[in-house]
Amino acid sequence: MRPGAIICAAVLTAALPALASDGGTADTIWPDCYCTDREGERRELGTVMCMVVDGRSFLARCEMSLNNPMWRDMSEGCLAS
């Protein structure tokens, strides 16, 4: 093995614990993630509600997708009581 490769491997091995941590402290503040409904009201992740878009009604759940909250279509139509 070449001396340069050995030095590189040693540096990476020493740096792995630092790379694995999030770099923050215990009091790191994370942003709240939530969806908004038609009226602009906050809806928590996991909320399921009936939505009507362009005349089409469907059940949707507030979920995360690529670090963004979004409404995911679950099924066609909505249950009515």
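**Disulfides and the nonpolar core**

Cysteine 50 and cysteine 78 are joined by a disulfide, with an S to S distance of 1.9 Å. This comes from a predicted model, so every value here is computed from that model. The torsion about the S-S bond is 90 degrees, making the link of cysteine 50 and cysteine 78 right-handed. It ties together distant parts of the chain: cysteine 50 sits in strand E3 (residues 48–53), while cysteine 78 lies in the segment after strand E5 (68–76). The two are 28 residues apart. As for exposure, cysteine 50 has a relative accessibility of 38%, so it counts as partly exposed. Cysteine 78, at 26%, counts as partly exposed too.

That bond has company, as the count comes to 2 disulfides. The other one joins cysteine 35 to cysteine 62, with the sulfurs 2.1 Å apart. Here again distant parts of the chain are linked: cysteine 35 belongs to strand E1 (residues 34–36) and cysteine 62 to strand E4, 27 residues apart. The torsion about the S-S bond of cysteine 35 and cysteine 62 is about 90 degrees, so this disulfide is right-handed. Both of its ends are tucked away from the surface by the accessibility cut-off, since buried means under 20% relative accessible area. Cysteine 35 comes in at 4% and is therefore buried, and cysteine 62, at 1%, is buried as well. Counting bonded cysteines along the chain, the disulfides follow the pattern 1-3, 2-4.

What about cysteine 33, and why is its sulfur not bonded to the one in cysteine 62? The cysteine 62 sulfur is the closest cysteine sulfur to that of cysteine 33, but at 9.0 Å it is too far for a bond. Cysteine 33 has a relative accessible area of 31%, so it is partly exposed.

The buried pair also turns up in the largest nonpolar core, which has 6 residues in all: Cys35, Met51, Phe58, Ala60, Cys62 and Trp71. Strand E4 (residues 56–65) supplies the largest share of this core, with 3 residues.

Cysteine 62 has plenty to touch besides its disulfide partner. Leaving out residues up to four places away in sequence, its contacts include Tyr34 and Cys35, the run of Arg43, Glu44, Leu45, Gly46 and Thr47, and also Met70 and Trp71. Of these, Cys35 and Trp71 are listed with cysteine 62 in the largest nonpolar core.

Definitions and conventions
Residues are numbered from 1 along each chain as its sequence is written. This is a predicted model: local features need pLDDT of at least 70, side-chain atom pairs count only at pLDDT 80 or more; totals for chains, interfaces and linings use all residues. Side-chain values use heavy atoms; hydrogens and water are left out. A nonpolar core is a set of buried Ala, Val, Leu, Ile, Met, Phe, Trp, Tyr and Cys residues joined through side-chain atoms within 4.5 Å. Buried means under 20% relative accessible area, exposed over 50%, partly exposed in between (1.4 Å probe, protein chains only). Helices (H or I, at least four residues) and strands (E, at least two) are DSSP runs, numbered from the N terminus. Contact means heavy atoms within 4.5 Å. A disulfide is a pair of cysteine sulfur atoms within 2.5 Å.
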